[in-house]
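Q: I have a new model open and would like to learn how to read it. Could you walk me through it, feature by feature?

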Amino acid sequence: MFFVASRATLTISSSTFDKARIVVARNGVLTIRNTDRKPYALTVGATPLTVRAKSTASLRLPQQGTFSIVCAKWPSLAATVVVK
């Protein structure tokens, strides 16, 4: 049996995510930790999420599927979250 974590963390450092793909359980929580000195305006699927400088932001993921995480200002800052 494959275990899917109910919590997952992506870290931003130097305008880059530490992982390109992350998996979290349905109704789980995705936390994005920003170690940079600038904020990021992200979109997780269709949901906007702002992560302030040197801060974290979390989002509950109630729907199964594969969703893109993209920054509005820096499109190269991108990852994928798979909700199982």
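**Reading the fold**

A: Happily. Residues 24 or more positions apart account for 44% of the contacts in the protein chain with a separation of 6 or more. Keep in mind as we go that this is a predicted model.

Q: Which secondary structure elements does the protein chain have, and in what order do they run from the N terminus?

A: Start by counting helices and strands, then read their order. Here there are 0 helices and 9 strands, and from the N terminus the order is β-β-β-β-β-β-β-β-β.

Q: What does the radius of gyration of the protein chain tell me?

A: Compare the value with what a compact globule would give. For 84 residues that is near 12 Å, and the protein chain has 12 Å, so the two agree. The C-alpha trace spans about 40 × 20 × 20 Å along its principal axes.

Q: How much of the chain counts as buried, and what supplies the exposed area?

A: Burial is judged per residue, while the exposed area is a total for the chain. Of the 84 residues, 38% count as buried. The chain exposes about 5,100 Å², with carbon and sulfur atoms supplying 52% of that area.

Q: Which residues touch the most other members of the largest nonpolar core?

A: For a core, look at its members and then at the elements they come from. This one has 22 residues, and those touching the most other members are Phe-17, Leu-30, Ile-32, Leu-42, Ile-69 and Val-81. Elements giving two or more residues to this core include strand 1 (7-13), strand 4 (28-34), strand 5 (40-44) and strand 8 (65-71).

Q: What does Ile-32 touch, leaving out residues up to four places away in sequence?

A: Among its partners are Leu-10, Ile-12, Phe-17, Leu-42, Leu-49, Val-51 and Ile-69. Ser-55, Thr-56 and Ala-57 also touch Ile-32.

Q: Where do Ser-14 and Lys-54 lie, and are they buried or exposed?

A: When a backbone angle catches your eye, check the residue's surroundings too. Ser-14, not a glycine, has a positive phi of about 55° and lies in the loop between strand 1 and strand 2 (16-17). Ser-14 is exposed, with a relative accessible area of 59%. Lys-54, also not a glycine, has a positive phi of about 50° and lies in the loop between strand 6 and strand 7. Its relative accessible area is 55%, so Lys-54 counts as exposed, the cut-off being over 50%.

Q: How many salt bridges does a search of the whole structure find?

A: The search finds 1. Asp-18 pairs with Lys-19, their closest N and O atoms being 3.2 Å apart. Asp-18 is partly exposed at 46% relative accessible area, and Lys-19 is partly exposed at 33%.

Technical notes. Residues numbered from 1 in each chain as written. Predicted model: local features only at pLDDT ≥ 70, side-chain atom pairs only at ≥ 80, totals over all residues. Heavy atoms only, no water. Core = buried A, V, L, I, M, F, W, Y, C linked by side-chain atoms within 4.5 Å. Buried < 20%, exposed > 50% of the residue type's maximum accessible area, 1.4 Å probe, protein only. Helix = DSSP H or I, 4+ residues; strand = E, 2+ residues; numbered from the N terminus. Contact = heavy atoms within 4.5 Å. Salt bridge = Lys/Arg side-chain N within 4 Å of Asp/Glu carboxyl O. Rg over C-alpha atoms; globule rule 2.2 N^0.38 Å. Areas by Shrake-Rupley, 256 points an atom, 1.4 Å probe, with all protein chains shown as cover.
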